[in-house]
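Please open the model in your viewer and keep the sequence panel beside it. The tour below suggests what to select at each stop and says what is to be found there.

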Amino acid sequence: MSATATPNTNGSATPQAPPRTGRDKWTGRYPHLGTGPLSADVFTSKEQFELEREHIFKKVWLNVGRIEQVPNAGDFFVFDIAMCETSILVVRGADGAVRAFHNMCSHRGNKVCWDQSGNRNNFTCKFHGWVYGLDGDLRHVPDEEHFFDFQRSDHGMTPVACDIWEGFIFINVDPEPAETLAEYLGGMGESLTGYPFGEFSGACASWSTEVRANWKAVKDAFQETYHVAFLHKTSIPDSFTGPANPHQHILDLRLYPRHGSASLWGNAELQPSPAAAIAFRHGSFLLRKDFDAGNLPPSVNPTDERDWVLDLNVIFPCFFVDVSEGSYFTHNFWPLDVDRTIWTSTQYFPKPETAGQRYNQEYGHVLFRDIILEDGNTLEQTQSMLRSGAKTEFPIQDEEILVRHGHYVVDQMIHGRPLATPALAHATNGNGAHRG
Ligand code: FES
Ligand SMILES: [Fe+2]
């Protein structure tokens with residue numbers, strides 16, 4: 001069957017893959033990914049880890065926060081990124097602009113701001129008292145006249161590329177980023193335009209922990225649903241799986257050059273517990289309930305499924321934005337070392353206006369906590385066995401295609417090879433995984 005050219009959401013023409021069914025329903029659409037096993041050493045190789053630092057994390061746009069963290073002039077937060085070997089100071093200026101700087105004094109290198117967040121009129125280095133404005137300019141130098149050939153204007157804090165997408169603050173430590181943030185996010189970013197991230201950021205709960213596992217092993221646990229029927233049989237035994245879809249086969253898949261999205265099946269026949277039923281009466285929270293498709297941008301749940309629960313969106317390399325109706329959640333996976341990762345998950349809801357909505361959200365928070373505790377359970381046990389070297393490769397199946405894609409992108413980037421532009425194609429109804 002020949003492919004036809006169809007514009008993708010980047011505006012360029014890409015071949016439209018024909019719909020497929022069967023064992024290679026997803027992988028068969030993306031032949032550049034192959035079907036071979038995954039090498040085990042990508043999780044333990046210190047050499048690969050250093051290549052990932054130089055060719056990925058020091059080159060791409062990385063999410064460091066949301067604009068609600070810096071609503072007013074002078075609001076700031078500090079974000080240390082071990083993988084980029086720097087600390088980033090993000091601050092809203094008097095002109096309203098959000099800027100980022102290497103958090104480093106121009107005099108002799110001291111970290112300028114030691115607080116994690118707050119509000120300031122300026123930033124004063126503790127070492128010799130140099131003072132920087134909110135715009136990074138050097139404003140005051142004690143005993144300035146004893147420096148040589150000295151111009152204050154030459155010694156501001158070093159800026160870091162900073163831009164905002166849908167309220168998410170991204171930075172790029174490359175002094176000359178190859179792409180703008182909009183170009184980097186491409187069709188993935190465009191597909192989520194219109195989702196009410198700001199409205200749903202009125203109430204959030206966040207969990208963060210250091211996991212003794214490689215960042216890709218941690219990330220992979222959140223970009224496949226093959227594990228749901230087993231690992232989550234206690235927390236959500238009949239929500240994301242059911243007789244119609246016992247293995248949580250995904251409903252739809254969208255691959256971009258670096259990023260990827262999957263629409264997840266939710267059991268429309270779910271019989272909630274009495275406590276969950278009360279929560280359902282006051283809004284949505286993670287589990288499947290009747291939802292209003294009119295509350296979603298057309299590109300969320302694009303195949304318009306009834307048995308839909310959320311879209312999983314993987315923004316390369318380490319940021320997930322998983323959107324549902326009424327709430328969304330994020331994961332960030334920050335490498336510290338080849339076998340250490342900071343994992344942060346945050347769940348976002350609108351500001352509650354009634355006690356019922358507050359109950360609904362608390363129920364959602366506790367359920368989400370229980371689910372991600374189950375997810376976190378296997379990570380260190382996995383890494384401990386990876387170190388044994390007993391296995392050199394792992395088979396991964398069709399439904400784990402986002403795992404395969406993620407490792408493909410890493411491998412291409414660390415070796416300086418170009419990325420394929422995947423064809424965009426949606427699942428067709430009645431293909432065995434779901435109802436139309
Ligand atoms: S190192 Fe900051 S003022 Fe000297
Ligand atoms: Fe999970």
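Begin by colouring this predicted model by pLDDT: the mean over the protein is 91, and 92% of the residues reach 70 or more. Select residues 1-18, where the pLDDT is below 50, and note that this stretch has 29 contacts in the model beyond near neighbours in sequence. Then select residues 429-436, where the pLDDT is also below 50 and where 15 contacts of that kind are present in the model.

Next, show the whole protein as a cartoon, in which 8 helices and 21 strands can be traced. The radius of gyration is 23 Å, close to the 22 Å that the globule rule gives for 436 residues, so the protein is as compact as a globular protein of that length. Taken along the principal axes, the C-alpha atoms fill a box of roughly 80 × 55 × 45 Å. Of the 436 residues, 42% are buried, and among contacts with a separation of 6 or more, 66% join residues that are 24 or more positions apart.

Now give the domains separate colours: domain 1 takes residues 31-56 together with 195-414, while domain 2 takes residues 62-178. Their C-alpha centres lie 33 Å apart, and the contact between them takes 9 residues from domain 1 and 8 residues from domain 2. On the side of domain 1 that touches domain 2, the largest share, 4 residues, comes from strand β19, residues 328-337. The residues on that side of domain 1 divide into 5 nonpolar, 3 polar and 1 charged.

For the interior, select Leu89, Val90, Ile171, Val218 and Leu264, the residues with the most contacts inside the largest nonpolar core, which has 102 residues. Helix α8, residues 401-414, gives this core its largest share, 7 residues. Both domain 1 and domain 2 give residues to this core, so the core lies between them. Stay with Ile171 for a moment and display its surroundings: leaving aside neighbours within four places in sequence, its contacts include Leu62, Val64, Ile88 and Ala100, and also Val160, Ala161 and Cys162.

Which residues of helix α2 are buried? Select residues 181-191 to see them: Tyr184, Leu185, Gly186, Gly187, Met188, Gly189 and Ser191. What covers these buried residues includes the strands β12 (159-165), β16 (260-265) and β17 (308-315).

The last stops are in loops. Go to Glu85, in the loop between β5 (75-81) and β6 (86-92), where phi is near 55°, a positive value in a residue other than glycine. Glu85 is exposed, because 11 other C-beta atoms lie within 10 Å and the limit for an exposed residue is 12 or fewer. Glu166, in the loop between β12 and β13 (168-172), has a positive phi of about 50° although it is not a glycine. Is Glu166 exposed or partly exposed? With 16 C-beta neighbours inside 10 Å, Glu166 counts as partly exposed.

Move on to Pro317, in the loop between β17 and β18 (319-323), and look at the peptide bond from Phe316 to Pro317, which is cis, with omega near 5°. Finally, select Arg281, found in the loop between α5 (274-280) and β17, which counts as exposed with 10 C-beta neighbours inside 10 Å. Add Gly356 to the selection: Arg281 and Gly356 are 75 residues apart in sequence and 8.0 Å apart in space, C-alpha to C-alpha.

Terms used. Residues are numbered from 1 along each chain as its sequence is written. Chains are lettered from A and ligands numbered from 1 in the order in which they are written. This is a predicted model: local features need pLDDT of at least 70, side-chain atom pairs count only at pLDDT 80 or more; totals for chains, interfaces and linings use all residues. Domain bounds come from an automatic or database domain assignment. Two residues are in contact if their C-beta atoms, placed from the backbone, lie within 7 Å. Helices (H or I, at least four residues) and strands (E, at least two) are DSSP runs, numbered from the N terminus. Ala, Val, Leu, Ile, Met, Phe, Trp, Tyr, Cys and Pro count as nonpolar, Asp, Glu, Lys and Arg as charged, and the others, Gly among them, as polar. pLDDT is the predictor's confidence in each residue, from 0 to 100. The radius of gyration is taken over C-alpha atoms; the globule rule is 2.2 Å times the number of residues to the power 0.38. A residue is buried if 20 or more other C-beta atoms lie within 10 Å of its own, exposed if 12 or fewer, and partly exposed in between; C-beta atoms are placed from the backbone. A nonpolar core is a set of buried Ala, Val, Leu, Ile, Met, Phe, Trp, Tyr and Cys residues joined through C-beta atoms within 7 Å.
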